[in-house]
Amino acid sequence: SPESSIAWLRYWVVLGVFSVLELLLDPLLNPFNCPLPVYLILKCLFLAWCMAPVEWNGSDMIFNNILFPIFKEHHEQIEEKAEIAKLTVSQKLGLCFKKEKSEQGEKIEKSELKKMFKKEKSEQQVETIEKSDLKKM
């Protein structure tokens, strides 16, 4: 069901953020690199709380109260950086393909790249509309 899928997506987002934070904070939490059974038990309890099929589910609470507000606050900046990264990657891939094609005696026309960008842009707009429809539910 869509509700179950959304709950699992929230869980995986929270788990991903938790994993990155754990990776970054591990030297501070465990400077001597010795096993901490208390930490491992707390981590297992935290993950079980995040997966629990209850109203006060950890991943829902963390996602709705912490992660999503941060995302909403910085959404425009994230979109701008993602668009820049997308264009950079597309240009570099275009140059690689152009180099390969020119070695074979063929060239990629700029109009072909523009068509590619327009197609990606229209697909992205459809995805944005679908996401906004999901948020309304």
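Mentor: Before we start, helices here are DSSP runs of H or I, at least four residues, numbered from the N terminus. The model is predicted: local features need pLDDT of at least 70, side-chain atom pairs count only at pLDDT 80 or more, and totals for chains, interfaces and linings use all residues. Residues are numbered from 1 along each chain as its sequence is written, and side-chain values use heavy atoms, leaving out hydrogens and water.

Trainee: Got it. How many aromatic pairs are in the whole structure?

Mentor: Six turn up in the search. Rings of Phe, Tyr and Trp (its six-membered ring) pair with centres within 6.5 Å; planes under 30 degrees apart are stacked, over 60 edge-to-face, the rest tilted.

Trainee: So why is the pair of Phe 18 and Phe 46 tilted?

Mentor: Their planes meet at 35°, so the pair is tilted, with ring centres 4.8 Å apart.

Trainee: Where do those two sit?

Mentor: Phe 18 is in helix α1 (residues 2-29) and Phe 46 in helix α2 (residues 37-51). They are 28 residues apart, and the pair links distant parts of the chain.

Trainee: And what about Phe 46 and Trp 49?

Mentor: That pair is tilted too, because the planes are at 55°; the centres are 6.1 Å apart. Both belong to helix α2, three residues apart, so about one helical turn separates them.

Trainee: Is Trp 49 buried or exposed?

Mentor: In between: Trp 49 is partly exposed, at 30% relative accessible area. Buried is under 20%, exposed over 50% (1.4 Å probe, protein chains only).

Trainee: New topic: which residues of α1 are buried?

Mentor: Tyr 11, Val 14, Leu 15, Phe 18 and Glu 22. Tyr 11 also joins Trp 8 and Trp 12 in a cluster linked by ring pairs.
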